[in-house]
Amino acid sequence: MISFNVAGLLHEPPGAVRDVRVRDRYVTLGPDVELAGPLDADLRLQRTNRGILARGSVGAPLRRTCARCTDAYVEDVRATIDEEFLPTIDPESGVRLPVDADEPIGTLRIDEHHEVDLGQVLHDELALTEPMHPLCRPDCPGLCVECGQRLDAGPHAHGDDEIDPRLAALASLLRDREQ
Ligand SMILES: [Zn+2]
Ligand SMILES: [Zn+2]
């Protein structure tokens, strides 16, 4: 949970800001965005004429699985946040605001306790940092098609001559199919 109370800010005129510095915060963002440690964030909450604008950047160590060698690794990523949250209740009167029927899906809300919860936004932005082919390192050589061992795990020398010629033919066939 990573949320901020904006009750005070909602009573200020548009343009008023609060800077929020988050350090070493452990959060859970769901199974598809697995954090390997705490996150940091530098955020600015700004009163707009409609609600609260949350902007800034977040840094987090994410767990990934290498697409070539299938090893787990950690990538430090940065993501940018830029989202406006609209009130659920009128900050002056405390009366629940009517929901606009035309409201776009995914409109972010300040909850009834004047809390802005960044969990969903952080989840979505960090999920977007996942590459199509995550690699533990750019030149990861991956796994040997013949024996399945890591190609960078020390000297990799079973040599073609150790393989039964028929198996070698099969291996090269499999290699061709993979390409
Ligand atoms: Zn790898
Ligand atoms: Zn091998």
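Biologist: How many helices and strands does the secondary structure of the chain come to?

Modeller: This is a predicted model, and what follows is computed from it. Read along the sequence, the chain follows the pattern β-α-β-β-β-β-β-β-α-α. Its secondary structure therefore comes to 3 helices and 7 strands.

Biologist: In what order do the strands of the open sheet lie, and which of them stand at the edges?

Modeller: The open sheet has 5 strands with mixed pairing, in the order β2-β3-β4-β5-β6. Two of these strands have a single partner strand each, so one side of each is left without a neighbour in the sheet. From one strand to the next the twist averages 30 degrees. The strands at the edges are β2 (17-25) and β6.

Biologist: Over how many bridges do β2 and β3 pair, and in which sense, parallel or antiparallel?

Modeller: Val-17 stands opposite Gln-46 in β3, and Val-22 stands opposite Ala-41, also in β3. Such pairs place the register of β2 against β3, and the two strands pair over 7 bridges, in a sense that is antiparallel.

Biologist: How many residues lie between β3 and β4 in the hairpin that they form?

Modeller: The strands β3 and β4 run antiparallel and are joined by 8 bridges. One of the bridged pairs is Arg-47 with its partner Ile-52 in β4. Between the two strands of this hairpin there are 4 residues.

Biologist: Which element gives the most residues to the largest nonpolar core?

Modeller: The largest nonpolar core has 20 residues, and those with the most contacts inside it are Ile-52, Ala-54, Val-58, Val-116, Leu-122 and Leu-126. Two or more residues come from each of β3 (39-47), β4 (52-65), β5 (72-87) and α2 (119-127). With 5 residues, the element that gives the most to this core is β4.

Biologist: Why do the buried residues of α2 lie on the same side of the helix, and what arc do they cover?

Modeller: The buried residues of α2 are Leu-122, Glu-125 and Leu-126. An α-helix has 3.6 residues a turn, so residues three or four places apart point the same way. What covers the buried residues of α2 includes β4 and β5. They are put on the same side of α2 because the arc that they cover around the axis is only 95 degrees.

Biologist: What angle does the direction of α2 make with that of β5?

Modeller: The helix α2 packs on the sheet, where it touches β4 and β5. Leaving aside neighbours within four places in sequence, Leu-126 is in contact with Leu-29, Val-33, Ala-60, Leu-62, Val-77 and Ala-79. The direction of α2 makes with that of β5 an angle of about 135 degrees.

Biologist: Is Arg-109 buried, exposed or partly exposed?

Modeller: Arg-109 lies in strand β6 (residues 108-110), and, leaving aside its neighbours within four places in sequence, Arg-109 is in contact with Phe-85, Leu-86 and Thr-88. A residue needs 20 or more other C-beta atoms within 10 Å to be buried, and 12 or fewer to be exposed. Because Arg-109 has 16 other C-beta atoms within 10 Å, it counts as partly exposed.

Biologist: What distance separates the C-alpha atoms of Arg-109 and Ile-52?

Modeller: Arg-109 belongs to strand β6, whereas Ile-52 is among the residues with the most contacts inside the largest nonpolar core. Arg-109 and Ile-52 are 57 residues apart along the chain, and their C-alpha atoms are separated by 9.3 Å.

Biologist: Which residue in strand β2 has a positive phi although it is not a glycine?

Modeller: The phi in question is about 55 degrees. The residue that bears this value is exposed, because only 8 other C-beta atoms lie within 10 Å of its own, against a limit of 12 or fewer. The residue, found in strand β2, is Asp-24.

Biologist: What value does phi of His-114 take?

Modeller: His-114 is found in the loop between β6 and β7 (115-117). With 19 C-beta neighbours inside 10 Å, His-114 counts as partly exposed, because a buried residue needs 20 or more. Phi of His-114 is positive, in a residue other than glycine, and is near 65 degrees.

Biologist: What percentage of the residues of the chain count as buried?

Modeller: Among contacts in the chain between residues at least 6 apart in sequence, 60% join residues at least 24 apart. Of the 179 residues of the chain, the share that count as buried is 13%.

Notes:
Residues are numbered from 1 along each chain as its sequence is written. Chains are lettered from A and ligands numbered from 1 in the order in which they are written. This is a predicted model: local features need pLDDT of at least 70, side-chain atom pairs count only at pLDDT 80 or more; totals for chains, interfaces and linings use all residues. A nonpolar core is a set of buried Ala, Val, Leu, Ile, Met, Phe, Trp, Tyr and Cys residues joined through C-beta atoms within 7 Å. Two residues are in contact if their C-beta atoms, placed from the backbone, lie within 7 Å. Two strands pair if DSSP finds at least two bridges between them. Axes are lines fitted to C-alpha atoms, for helices over the stretch in contact, and angles run from 0 to 180 degrees between N-to-C directions. The arc is that of the directions from the helix axis to the C-beta atoms.
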